[in-house]
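Work through the following exercises with the sequence and the 3D view open beside you. Try each task on your own before you read its solution.

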Amino acid sequence: MKVLIGTIISTKMEKTVVVEVIRKFRHRKYKKVIYKSKKYKAHNEKFDLKEGDRVKIQETRPISKEKHFQVIEKLKNK
(Lines give C-alpha, C1' and ligand atoms only; values in the text may rest on other atoms or scores of the structure.)
Protein backbone atom coordinates (compact mmCIF):
# COMPACT_ATOMS: atom_id res chain seq x y z
CA MET A 1 0.00 0.00 0.00
CA LYS A 2 1.17 3.46 -0.89
CA VAL A 3 1.57 5.97 1.96
CA LEU A 4 2.18 9.62 1.02
CA ILE A 5 2.69 12.85 2.97
CA GLY A 6 1.27 16.12 1.67
CA THR A 7 -0.41 19.44 2.37
CA ILE A 8 -4.16 20.07 2.22
CA ILE A 9 -5.04 22.67 -0.41
CA SER A 10 -8.85 22.37 -0.39
CA THR A 11 -11.54 21.31 2.09
CA LYS A 12 -14.59 22.53 0.16
CA MET A 13 -16.14 19.09 -0.41
CA GLU A 14 -17.98 16.99 2.16
CA LYS A 15 -15.84 14.15 3.57
CA THR A 16 -13.15 14.83 0.95
CA VAL A 17 -9.93 16.85 1.01
CA VAL A 18 -7.51 17.63 -1.81
CA VAL A 19 -3.91 16.89 -0.84
CA GLU A 20 -0.88 18.13 -2.79
CA VAL A 21 2.11 15.79 -2.61
CA ILE A 22 5.47 17.27 -3.64
CA ARG A 23 8.33 14.97 -4.56
CA LYS A 24 11.93 16.00 -5.06
CA PHE A 25 14.44 14.25 -7.31
CA ARG A 26 17.67 14.95 -9.16
CA HIS A 27 17.77 15.13 -12.98
CA ARG A 28 19.85 12.28 -14.38
CA LYS A 29 21.86 14.29 -16.88
CA TYR A 30 21.97 17.83 -15.50
CA LYS A 31 22.00 16.94 -11.77
CA LYS A 32 19.56 19.75 -11.01
CA VAL A 33 17.03 19.24 -8.21
CA ILE A 34 13.50 19.15 -9.61
CA TYR A 35 10.22 19.42 -7.68
CA LYS A 36 7.07 17.78 -9.04
CA SER A 37 3.66 17.98 -7.44
CA LYS A 38 0.49 15.95 -7.79
CA LYS A 39 -2.96 16.41 -6.29
CA TYR A 40 -4.86 13.53 -4.71
CA LYS A 41 -8.44 13.47 -3.44
CA ALA A 42 -8.60 11.72 -0.07
CA HIS A 43 -11.49 10.56 2.09
CA ASN A 44 -11.72 12.35 5.45
CA GLU A 45 -14.42 11.51 7.94
CA LYS A 46 -13.04 11.73 11.46
CA PHE A 47 -10.30 14.40 11.38
CA ASP A 48 -10.91 18.13 11.85
CA LEU A 49 -8.70 19.48 9.05
CA LYS A 50 -8.18 22.87 7.44
CA GLU A 51 -6.15 24.18 4.51
CA GLY A 52 -2.41 24.14 5.11
CA ASP A 53 -2.39 21.09 7.43
CA ARG A 54 0.15 18.34 6.76
CA VAL A 55 -1.42 14.88 6.54
CA LYS A 56 -0.47 11.30 5.82
CA ILE A 57 -2.69 9.56 3.25
CA GLN A 58 -2.90 5.88 2.41
CA GLU A 59 -4.04 4.09 -0.73
CA THR A 60 -7.34 2.25 -0.33
CA ARG A 61 -10.12 0.68 -2.38
CA PRO A 62 -11.88 3.05 -4.81
CA ILE A 63 -14.36 5.15 -2.82
CA SER A 64 -15.56 7.15 -5.83
CA LYS A 65 -14.46 7.86 -9.40
CA GLU A 66 -11.39 9.92 -8.39
CA LYS A 67 -11.01 9.10 -4.69
CA HIS A 68 -8.58 6.23 -3.99
CA PHE A 69 -6.86 7.54 -0.84
CA GLN A 70 -7.84 7.98 2.79
CA VAL A 71 -6.44 10.31 5.48
CA ILE A 72 -4.80 8.21 8.21
CA GLU A 73 -3.27 10.89 10.42
CA LYS A 74 -2.67 14.60 10.85
CA LEU A 75 0.98 15.57 11.24
CA LYS A 76 2.34 18.47 13.27
CA ASN A 77 3.31 21.52 11.21
CA LYS A 78 6.89 22.74 11.50
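The exercises below concern a predicted model, and each task is followed by a solution in steps.

**Exercise 1. Strand pairing**

Task: Work out which strands pair with S4, and in which sense they run.

Solution: Begin with strand S1, which covers residues 3–13 and is joined to S4 by five bridges, the two strands running antiparallel. Within this pairing, Gly-6 stands opposite Val-55 in S4. Then turn to S5, which is joined to S4 by six bridges, and here too the strands run antiparallel. A pair of residues to look for is Gln-58 and Gln-70, since Gln-58 stands opposite Gln-70 in S5.

**Exercise 2. The hairpin and the parallel pair**

Task: Describe how S2 is joined to S3, and then find the sense in which S3 and S5 pair.

Solution: Strand S2 spans residues 16–26 and strand S3 spans residues 33–43; they run antiparallel and are joined by 11 bridges. As a checkpoint, follow Lys-24 across to S3, where its bridge partner is Tyr-35. The two strands form a hairpin with six residues between them, and Lys-31, which is placed in the loop between S2 and S3, has a phi near 60°, a positive value in a residue other than glycine. Another residue with a positive phi near 60° is Lys-15, which is found in the loop between S1 and S2 and is partly exposed, with a relative accessible area of 46%. Finally, S3 and S5 (residues 67–75) pair in the parallel sense over three bridges, and in this pairing Lys-41 stands opposite Lys-67 in S5.

**Exercise 3. Salt bridges**

Task: How many salt bridges does the model have, and which parts of the chain does the pair of Lys-41 and Glu-66 tie together?

Solution: Recall that side chains of opposite charge can pair when their charged atoms come close. With a cut-off of 4 Å between the side-chain nitrogen and the carboxyl oxygen, the count comes to four salt bridges.

Step one is the pair of Lys-41 and Glu-66, whose closest N and O atoms are 2.4 Å apart. Lys-41 lies in strand S3 and Glu-66 in the loop between S4 (54–59) and S5, so this salt bridge ties together parts that are 25 residues apart in sequence. Lys-41 is partly exposed at 29% relative accessibility, and Glu-66 is partly exposed as well, with a relative accessible area of 48%.

Step two is the salt bridge between Glu-73 and Lys-56, with 3.5 Å from N to O. This pair links distant parts of the chain, as Glu-73 is in strand S5 and Lys-56 in strand S4, 17 residues apart. Both residues can be classed by their accessibility: Glu-73 is partly exposed at 33%, and Lys-56 is partly exposed at 22%.

Step three is the salt bridge of Asp-53 with Lys-50, in which the closest N and O atoms are 3.7 Å apart. Asp-53 counts as buried, with 3% relative accessibility, whereas Lys-50 is exposed, with a relative accessible area of 52%. To finish, notice that Lys-50, Asp-53 and Lys-74 are linked in a network of salt bridges.

**Exercise 4. Nonpolar residues, inside and on the surface**

Task: Find which strand supplies the largest share of the largest nonpolar core, and which residues form a nonpolar patch on the surface.

Solution: In soluble globular proteins, nonpolar side chains tend to be buried together. In this model the largest nonpolar core has 12 residues in all, among them Leu-4, Ile-8, Val-17, Tyr-40, Leu-49, Val-55 and Phe-69. Strands S1, S2, S3, S4 and S5 each supply at least two residues of this core, and the largest share, three residues, comes from S2. To see how one core residue meets others, select Tyr-40, which touches Leu-4, Val-17, Val-18, Val-19, Val-21, Ile-57 and Phe-69, not counting residues up to four places away in sequence.

Now look at the surface, where Ile-22, Val-33 and Tyr-35 form a nonpolar patch with about 310 Å² of accessible area together. Tyr-35 belongs to strand S3, and with a relative accessible area of 57% this residue is exposed.

Conventions:
Residues are numbered from 1 along each chain as its sequence is written. This is a predicted model: local features need pLDDT of at least 70, side-chain atom pairs count only at pLDDT 80 or more; totals for chains, interfaces and linings use all residues. Side-chain values use heavy atoms; hydrogens and water are left out. Two strands pair if DSSP finds at least two bridges between them. Helices (H or I, at least four residues) and strands (E, at least two) are DSSP runs, numbered from the N terminus. Buried means under 20% relative accessible area, exposed over 50%, partly exposed in between (1.4 Å probe, protein chains only). A nonpolar core is a set of buried Ala, Val, Leu, Ile, Met, Phe, Trp, Tyr and Cys residues joined through side-chain atoms within 4.5 Å. Contact means heavy atoms within 4.5 Å. Patches are made of residues with over 30% relative accessible area and no salt bridge: like charges are joined within 9 Å, nonpolar side chains (Val, Leu, Ile, Met, Phe, Trp, Tyr) within 5 Å. Accessible areas come from the Shrake-Rupley method with a 1.4 Å probe; for residues, only the protein chains shown count as cover.
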